[in-house]
Amino acid sequence: MSLPPLVEPAAELTTDEVRRYSRHLIIPDVGMTGQKRLKNAKVLVIGAGGLGSPALLYLAAAGVGTLGIAEFDEVDESNLQRQVIHGQSDIGRPKALSARDSIAEINPLVEVVVHDERLDNDNVMRIFEGYDLIVDGTDNFATRYMVNDAAYFLGIPYVWGSIYRFDGQASVFAPKQVEDAPCYRCLYPEPPPPGMVPSCAEGGVLGVLCASIGSIQVNEAIKLLTGAGEPAVGKLVIYDALELEWRKLKVRKDPNCRLCGEHADVTELIDYDAFCGAISEEAADAAAGSTISVTQLEHMLKEREEGSRDFVLVDVREPNEYEINQIPGSVLIPKGEFLNGNALEQLPPVDSGTQVVMHCKSGVRSAETLAIVQGAGYDDAVHVGGGVVAWVNQIDPSQPAY
Ligand SMILES: [Zn+2]
């Protein structure tokens with residue numbers, strides 16, 4: 001189904017603009033009027049990361065008049081594998097400013113509005129207000145649900161995308177624009193259980209996948225702004241990079257949706273961290289009172305070397321992560337081995353008195369495995385808060401971070 005354009009055309013294009021956008025102007029479905037609509041458009045991109053990078057670059061090149069960037073993070077070396085809007089000399093700079101500079105280089109006619117703050121319940125409505133369209137490049141579930149709800153309350157349509165390893169998804173949510181169109185909650189009523197779906201930082205992402213999905217998001221944004229074609233409202237686009245396969249599934253509005261359904265009970269922003277749960281209840285319970293710091297661990301490792309203490313240090317990450325960096329003296333037993341029960345055979349017997357100490361990258365996965373191990377009778381088992389990331393930052397900066 002085609003939709004009316006989201007934006008009224010600007011009064012005119014300058015001679016410079018006509019030259020710059022000539023390859024758009026000669027496409028009948030865009031033309032002079034479509035380009036004038038892009039010029040008048042205000043688009044907010046959430047995140048200048050994996051998806052936000054290609055999205056911002058192409059929206060800017062396309063001539064979207066006003067581009068907002070909502071991003072609070074700084075450029076890290078590990079971002080450069082996929083976040084192509086940033087460069088080597090931007091490492092350590094705020095991503096929002098780095099992205100603004102790249103946009104100015106690509107298209108100085110774009111007005112960039114920087115929102116250099118973390119989106120939260122207190123600022124999200126203020127930041128969203130006034131934009132015609134949102135492109136969501138968020139990488140976590142709490143923000144994703146917040147974006148969906150805030151956009152719904154304000155009646156702003158948005159283009160969603162997500163990426164993981166070789167898999168990408170995208171859709172357009174416009175429940176206020178199109179009758180019976182679903183929102184993100186209709187597609188995913190509940191966030192996945194904490195710890196079930198790793199983030200890109202935990203699970204990895206193929207760099208070029210960001211370009212595939214980010215460019216689909218821009219494609220849909222341009223269609224929405226200009227009224228060209230049929231945007232993916234009520235459609236879930238699924239991309240499998242390994243099979244090189246695109247699929248498009250129908251997504252229906254859920255009449256029982258808590259946000260856009262007939263008996264909706266989400267009528268204002270909620271506590272999204274609690275809704276999505278940073279870690280499961282079991283893991284939080286296990287970690288309470290059973291979390292040690294990397295400084296404590298360093299001390300314990302010294303004592304173990306001297307023979308005054310006995311414990312086993314278990315790294316529950318994946319083998320390819322273990323190849324990148326390690327806490328010396330750790331043994332690798334990936335989290336999956338704890339979930340399928342095989343790990344327990346590899347631990348010292350419960351009655352041996354040998355303490356079990358666990359760590360992962362950041363402390364989320366090890367909190368989950370801690371709950372399993374404590375449940376199996378290892379009452380004095382602990383995990384390392386902050387994991388190997390904290391170890392590298394605070395104890396051993398000579399090792400690479402990831
Ligand atoms: Zn809904």
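Modeller: Let's start with a rule: two strands pair if DSSP finds at least two bridges between them. Keep in mind, too, that we're looking at a predicted model.

Biologist: Fine. How do you know that S10 and S11 pair?

Modeller: Three bridges join S10 to S11, and the rule asks for at least two, so the two strands count as a pair. They run parallel, with Asp-315 standing opposite Leu-332 in S11.

Biologist: What makes S10 and S12 a pair, and in which sense?

Modeller: Here the count is five bridges between S10 (residues 311-315) and S12 (residues 355-359). At least two would do, so the pair holds, and its sense is parallel. As for who faces whom, Val-312 has Val-356 as its bridge partner in S12, while Val-314 stands opposite Met-358.

Biologist: Which sheet do these strands belong to, and in what order?

Modeller: An open sheet of five strands, ordered S9-S13-S12-S10-S11 and paired in parallel.

Biologist: Why are S9 and S11 said to stand at the edges?

Modeller: S9 (291-292) and S11 (330-332) each have a single partner strand, so one side of each has no neighbour in the sheet. There's also a helix over part of this sheet: H17 (residues 364-375) lies across S12 and S13 (382-384), at about 155 degrees to S12.

Biologist: What makes S10 a mostly covered strand?

Modeller: Five of its five residues are buried, and buried means under 20% relative accessible area. In a regular strand, side chains alternate between the two faces of the sheet. In S10 both faces are covered: Phe-311, Leu-313 and Asp-315 lie on one side, Val-312 and Val-314 on the other.

Biologist: Now a lysine. Why is Lys-223 called buried?

Modeller: Its relative accessible area is 19%. The cut-off is under 20%, so the residue falls on the buried side. Lys-223 sits in helix H10 (residues 207-226). Setting aside neighbours within four places in sequence, Lys-223 is in contact with Ala-228, Gly-229, Glu-230 and Pro-231.

Biologist: Let's try another helix. How do you know that the span of H5 is close to what is expected?

Modeller: H5 (residues 95-106) has 12 residues and runs 16 Å from first C-alpha to last; the expected value, at 1.5 Å a residue, is 16 Å.

Biologist: And which residues of H5 are buried?

Modeller: Lys-95, Ala-96, Ser-98, Ala-99, Ser-102 and Ile-103. They span an arc of only 160 degrees around the axis, which means they are on the same side of H5. Their cover includes helix H4 (52-62) and strands S2 (66-70) and S3 (111-115).

Biologist: S2 and S3 again. What is the strand order of the eight-strand sheet?

Modeller: S3-S2-S1-S4-S5-S6-S7-S8, an open sheet with mixed pairing. Its edge strands are S3 and S8 (245-250), as each pairs on one side only. The twist averages 15 degrees from one strand to the next.

Biologist: How do you know that S7 and S8 pair, and in which sense?

Modeller: Six bridges join S7 (residues 235-240) to S8; at least two are required, so they pair. This pair runs antiparallel, and Tyr-239 stands opposite Trp-246 in S8. Helix H7 (residues 141-154) packs on this sheet, touching S1 (42-46), S4 (133-136) and S5 (158-164), and its direction makes about 170 degrees with that of S5.

Definitions and conventions. Residues numbered from 1 in each chain as written. Predicted model: local features only at pLDDT ≥ 70, side-chain atom pairs only at ≥ 80, totals over all residues. Heavy atoms only, no water. Helix = DSSP H or I, 4+ residues; strand = E, 2+ residues; numbered from the N terminus. Contact = heavy atoms within 4.5 Å. Axes fitted to C-alpha atoms, helices over the stretch in contact; angles between N-to-C directions. Expected span 1.5 Å × (residues − 1). Buried < 20%, exposed > 50% of the residue type's maximum accessible area, 1.4 Å probe, protein only. Arc of directions from axis to C-beta.
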